[in-house]
Amino acid sequence: MGKHIPPFDNKNQPIIDANDEVTPLCYFNQVYLNQGESHTHFVEGYETVIVLGGGTCSIKVTKDDNTVVFDNIGQRKSVWEGNPESVYVPLGYTAEIECVSDRADIMIAGGRFEESLEPFCSRQEEVDIVQYGSDETKTHRKIKHVLGQSNADKRGRLLVSELFTVGAGGWSGFPPHKHDEDRVKEDGSKETLYEEVYQFRFNPDFGFGAQFLYEHEDDFGPVYHVRTGSVIAIDKGYHPSVAAPGYEMYYFTIIVGKTSKSLVQHFDPHHEYQVHTIPGIKDMIAKFK
């Protein structure tokens, strides 16, 4: 159930490759380029999105005789400043990414899909931002949706976001929830099967946190010590995380559905009541189903 990949130099090769043994629906690559360098991206059977963590790139997307060029993608220095810009790469397309700034920090997220759609870019002013939780409940979070409900008609089952714990320290993915079955529950509500991959970063950079994973509400652990560059892959179970006091936590989230374009969570019954006490969570759940 799930895995932790400690930080390492992946040399621009996939960290979570196609047909991964834990999360086969998901794909993730971290790419760093210097000015004038380029990277060719293609993953058979997956829709993908190229997100600029920092720096600026020109991205050319091609399939057969159809080529679309997106210039000046990325307007921020790092994930801690401004909103992300991105390019959606449909199934069957190849992307050529060229760095035009001094350096570029590029995150490539993918999800298994069956249909080839159309390439498009998302600029910083188009990012859908949601903030909820509170300092008092230690759950203050901000989410920047790259692929979400606002562009659901342009994507398949790939959901991509940047998530921040607001302030220093605090919980995320709380109350604990899971989404590992496509089912209708006894009360008539639903749960949808989505696999998930995270890449963590901390500010200051030497910060740390913990990722919890447990399959049943009465289970224990495992718990992983996560630092900047840690990658977590989740195929099943509840998965709250927490940042140590004094550190802001960011994680890049890739969430891919098996059959549904909408993520519907099931909360741990022991803690579900906090859905009704943490500010904004009920509205967020209703909006993003």
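**Exercise 1. Is Asn 19 buried or exposed, and what is odd about its backbone?**

Solution. Asn 19 counts as exposed because its relative accessibility is 55%, and the cut-offs are under 20% relative accessible area for buried, over 50% for exposed and partly exposed in between (1.4 Å probe, protein chains only). A quick note before we go on: this is a predicted model, where local features need pLDDT of at least 70, side-chain atom pairs count only at pLDDT 80 or more, and totals for chains, interfaces and linings use all residues. Residues are numbered from 1 along each chain as its sequence is written, and side-chain values use heavy atoms, with hydrogens and water left out.

Next, the backbone. Most residues other than glycine have a negative phi. Asn 19 isn't a glycine, yet its phi is positive, about 60°. Now place it: Asn 19 sits in the loop between strand S1 (3–5) and S2. Strands here are DSSP runs (E, at least two residues), numbered from the N terminus.

**Exercise 2. Where is Asn 72 found, and how exposed is it?**

Solution. Start with the element: Asn 72 belongs to strand S6 (residues 66–73). Then take its accessibility: Asn 72 counts as partly exposed because its relative accessible area is 48%. Last, check phi: for Asn 72 the angle is positive, near 55°.

**Exercise 3. Which peptide bonds to Pro 175 and Pro 222 are cis, and where do these prolines lie?**

Solution. Keep in mind that most peptide bonds are trans. Step one: the bond from Phe 174 to Pro 175 is cis, with omega near 0°. Pro 175 is in the loop between strand S14 (170–172) and strand S15 (177–178). Step two: Gly 221 and Pro 222 are also joined by a cis bond, with omega about 5°. Look for Pro 222 in the loop between strand S19 (208–212) and strand S20 (223–227).

**Exercise 4. What surrounds Glu 162?**

Solution. First, find Glu 162 in strand S13 (residues 158–165). With a relative accessible area of 0%, Glu 162 is buried. Second, list its polar contacts (pairs of N or O atoms within 3.5 Å; within protein, one must be able to donate a hydrogen and the other to accept it, and residues adjacent in sequence count only if both atoms are side-chain atoms). The Glu 162 side chain makes one with the side chain of Arg 76 at 2.6 Å, and another with the side chain of Tyr 250 at 2.9 Å. Third, widen the view to contacts, meaning heavy atoms within 4.5 Å. Not counting residues up to four places away in sequence, Glu 162 touches residues including Val 51, Met 107, Lys 142 and Phe 252.

**Exercise 5. How do domain 1 and domain 2 meet?**

Solution. Begin with the bounds, which come from an automatic or database domain assignment: domain 1 is 22–126 and domain 2 is 128–288. Next, count contacts: 32 residues of domain 1 touch 34 residues of domain 2. Then take the buried area (accessible area, 1.4 Å probe, that two parts lose on being put together, summed over both). That comes to about 2600 Å², with 67% from carbon and sulfur atoms. In domain 1, Leu 25, Phe 28 and Trp 80 lose the most area to domain 2, together 25% of what that side buries.

Finally, look at charges. There are three salt bridges between the two domains, each a side-chain nitrogen of Lys or Arg within 4 Å of a carboxyl oxygen of Asp or Glu. Separately, the rule finds twelve residue pairs in polar contact across the interface (both at pLDDT 80 or more).

Conventions. Helix = DSSP H or I, 4+ residues; strand = E, 2+ residues; numbered from the N terminus.
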